[in-house]
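Trainee: I would like a close look at one salt bridge and at what can be set beside it. Please go from there in whatever order makes the picture clear.

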Amino acid sequence: MSTLINLIISGLATGSIYALVAIGFTLLWQTSQTINFAQGEFVMLPAFFMLAAMNAGFPFWAAILIGMALSMLILGVAFKRMLVDPMLKHGVLPLAIATMALSLAMKESVKQFYSAEAQPFPSLIPSIDLHVLGAVVSTQSLGVLAVGIGAVVALQFLLTRTSVGHQMQATAQNPTTARILGIPVERMIMYSFLINAGLVAIASVLVTPLYLAKFTSGETLGLAAFIAAIVGGFNQVRGAIVGGLLLGVVDNLAATYISTQYRAAVPLMLLIAVILFRPQGLLGSAEERTV
Amino acid sequence: MATEAALELDGVVAGYGQMTILNGTTFKVPASSITTVIGPNGAGKSTVFKTIFGLLKARTGTIRFQGRDITNLSPRALIEAGICYVPQGRNIFPQLSVRHNIELGAVAAGRGLTDMPARIEAALDRFPVLRKKADRQASTLSGGEQKQLEIVRGLLLDPKLVLIDEPSIGLSPLMVQETFAILTELRNKGVAILMIEQNAKSALAMSDFGIVLELGQTRIMDTAEAVLNDPRVAALFLGGSIEPKASGDNAPQVN
Ligand SMILES: Nc1ncnc2c1ncn2[C@@H]1O[C@H](COP(=O)(O)OP(=O)(O)O)[C@@H](O)[C@H]1O
Ligand SMILES: [Mg+2]
């Protein structure tokens with residue numbers, strides 16, 4: 001029983017990271033039809049920005065801020081202006097393929113210009129085991145879960161309670177009508193790219209201490225976020241949250257109770273089950289784009 | 001038509017890509033009036049509205065609003081100038097609440113508008129159905145209610161010119177009557193209304209002026225009554241065509 005609680009809590013912690021990455025993924029899809037196959041590498045890269053800043057002599061907290069800023073600039077503004085805007089003119093598929101190429105380019109660049117070796121990364125939250133009701137829960141899991149939930153709550157507040165959030169939702173649901181009302185549609189789309197860049201940077205800070213910083217470390221994460229987004233309903237922020245948390249828990253339970261050989265197949269089985277029995281996703285509705 | 005014009009189009013040419021739909025469209029919309037545009041399907045009626053509202057570029061020609069040149073201004077600038085556009089079909093944000101949908105009608109006013117909550121309350125008072133469903137998702141409204149929402153939203157900033165494209169489509173006769181009543185009420189307050197309608201008879205019956213558009217040109221521009229009784233209009237709606245009198249005479253015929 002106590003192991004189960006422990007597994008669920010650490011699963012939710014990983015799941016909250018998946019959720020952050022999946023939310024960003026669905027936001028880009030909703031506001032500008034971008035299927036970002038480089039989303040995993042978007043999580044991998046900010047950690048290297050932060051490592052580079054620390055190597056340059058900045059303390060950890062300042063390195064995090066620098067990594068965030070660079071992430072916004074490069075994975076937000078430059079990504080939109082230099083890749084999405086020019087490629088979207090040619091269609092959704094060419095853009096998706098361009099993001100695949102980007103993911104390769106990002107991996108190769110990190111390997112070439114930083115290192116091919118896994119780099120240790122400091123943890124924001126000290127790892128202490130707490131004994132609660134007979135279960136051992138690590139503060140690291142709780143901290144990750146708290147930061148993840150905090151980020152999601154803040155984003156939901158922005159989207160549902162503020163005028164800018166309503167304008168972003170309006171842009172996603174009906175861009176033509178949004179323009180007719182004088183909503184600055186282009187700016188709203190840019191905001192969603194900036195939010196995505198912020199979310200992947202937060203995810204990077206949370207996940208890298210667990211798995212080390214390596215040029216390949218985005219691969220599993222990108223796949224997990226993709227699965228979480230589809231399981232949750234692809235076109236819904238709420239869906240991405242549920243999908244991410246569910247995947248984290250299922251993944252963690254599978255790692256313990258199912259042989260390691262089959263573990264990797266479990267998320268894919270979850271994906272196939274959803275596609276077969278509920279193709280619109282757990283919270284999704286058919287053919288609608290919403291935030 | 002001695003009245004002062006709210007809106008004037010002069011030789012407007014516009015279209016989609018290589019295709020030209022408006023071939024020098026020219027007409028006037030008098031202030032404090034309801035002017036209805038009729039014409040066969042594909043005549044370019046909706047295209048005129050999109051061009052006035054800055055969604056399509058006018059290649060040549062000028063569009064003036066209250067004497068000021070507004071050709072090719074952005075929708076945002078046109079809203080700020082006092083124009084509102086209610087397009088054909090459903091133009092709502094289905095997953096947002098009715099209230100949030102309405103609030104988005106005030107975005108163009110920025111933060112300058114301090115009496116926004118009061119304006120929204122007044123709008124909801126005027127439309128009890130929308131008040132009752134204010135906190136529901138807009139997708140739960142009926143077709144007529146959605147159209148009302150669009151109109152309320154468009155009126156939030158007190159426009160001086162309303163462009164409304166086929167408001168009666170898909171509405172029950174009662175809803176059509178109500179919608180026309182709202183437009184008449186606005187006209188009586190001094191707002192100029194330019195409306196496109198398929199249902200020519202009932203629309204002209206409540207209008208002050210009528211415009212017949214064909215192949216992107218004004219064929220007839222007169223009082224609504226005169227347009228209603230014009231034998232050429234009957235011919236046009238029976239599938240005929242109003243040819244310009246002399247060949248090469250591209251000037252719109254204005255009675
Ligand atoms: N977005 C568009 N792209 C290309 N052609 C269009 C578009 N919208 C309308 N058209 C064409 O322009 C012509 C005029 O359309 P429209 O202005 O909608 O006519 P209506 O008078 O029925 O409102 C039609 O032939 C139509 O097929
Ligand atoms: Mg039309």
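Trainee: How many percent relative accessibility does B:Arg76 have, and what does it count as: buried, partly exposed or exposed?

Mentor: B:Arg76 has 29% relative accessibility and counts as partly exposed (buried is under 20% relative accessible area, exposed over 50%, partly exposed in between, with a 1.4 Å probe and protein chains only). The model is predicted: local features need pLDDT of at least 70, side-chain atom pairs need 80 or more, totals for chains, interfaces and linings use all residues, and side-chain values use heavy atoms without hydrogens or water. Residues are numbered from 1 along each chain as its sequence is written, chains are lettered from A, and ligands are numbered from 1 in the order written.

B:Arg76 has a salt-bridge partner, B:Glu80, with the closest N and O atoms 3.4 Å apart (the criterion is a side-chain nitrogen of Lys or Arg within 4 Å of a carboxyl oxygen of Asp or Glu). Both residues belong to helix H2 of chain B; because they are four residues apart there, about one helical turn separates them. Helices (H or I, at least four residues) and strands (E, at least two) are DSSP runs numbered from the N terminus. B:Glu80 is exposed, with a relative accessible area of 54%, whereas B:Arg76 stays in the partly exposed class.

Chain A offers a counterpart. The side chains of A:Glu108 and A:Lys111 form a salt bridge with an N to O distance of 3.8 Å. The two residues are three apart in helix H4 (residues 92–113) of chain A, again about one turn of the helix. A:Glu108 is partly exposed at 39% relative accessibility, and A:Lys111 is partly exposed at 32%.

Another pair in chain B is B:Arg232 with B:Asp230, whose side chains meet at 2.9 Å, N to O. Here B:Asp230 is buried, at 12% relative accessible area, while B:Arg232 is partly exposed at 24%. Salt bridges can also be linked to one another: B:Arg99, B:Glu121, B:Asp125, B:Arg131 and B:Asp135 make up a network of them. Over all chains, a search of the whole structure finds 17 salt bridges.

Back at helix H2 of chain B, which spans 75–81, the loop between S5 and this helix contains B:Asn72. B:Asn72 is not a glycine, yet its phi is positive, near 60°. Most residues other than glycine have a negative phi. B:Asn72 is partly exposed, with 34% relative accessible area. On the other side of strand S5 (68–69), the loop between strand S4 (60–65) and S5 holds B:Gln66. B:Gln66 is also a residue other than glycine with a positive phi, about 50°. B:Gln66 counts as partly exposed at 44% relative accessibility.

Chain B also holds the metal site. B:Ser46 (OG) and B:Gln88 (OE1) coordinate the magnesium ion, ligand 2, at 2.1 to 2.6 Å (donors are N, O and S atoms within 2.8 Å of the metal, or 3.2 Å for Na, K and Ca; water is absent from the atoms, so sites may look incomplete). B:Ser46 sits in helix H1 (residues 45–52) and B:Gln88 in the loop between strand S6 (83–86) and helix H3 (98–103), so the pair ties together parts of chain B that are 42 residues apart in sequence. B:Gln88 is partly exposed, at 36% relative accessibility.

B:Ser46 is also one of the residues around ligand 1 (a residue counts if a heavy atom lies within 4 Å). Others in that shell include B:Tyr16, B:Met19, B:Ile21, B:Pro40, B:Asn41, B:Gly44 and B:Lys50. Polar contacts are pairs of N or O atoms within 3.5 Å; within protein, one atom must be able to donate a hydrogen and the other to accept it, and residues adjacent in sequence count only if both atoms are side-chain atoms. A polar backbone atom of B:Gly42 is 2.8 Å from an oxygen atom of ligand 1. For the side chain of B:Ser46, the distance from an N or O atom to a ligand 1 oxygen is 2.8 Å, and for that of B:Thr47 it is 2.5 Å. Strand S2 (19–30) and H1 of chain B are the elements that give two or more residues to this shell. H1 of chain B gives the most, with four residues.

A contact inside the protein can be set beside these. In chain A, the side chain of A:Ser138 reaches the backbone nitrogen of A:Gln140 at 3.0 Å. A:Ser138 belongs to strand S2 (residues 135–138) of chain A, and at 14% relative accessibility A:Ser138 is buried.
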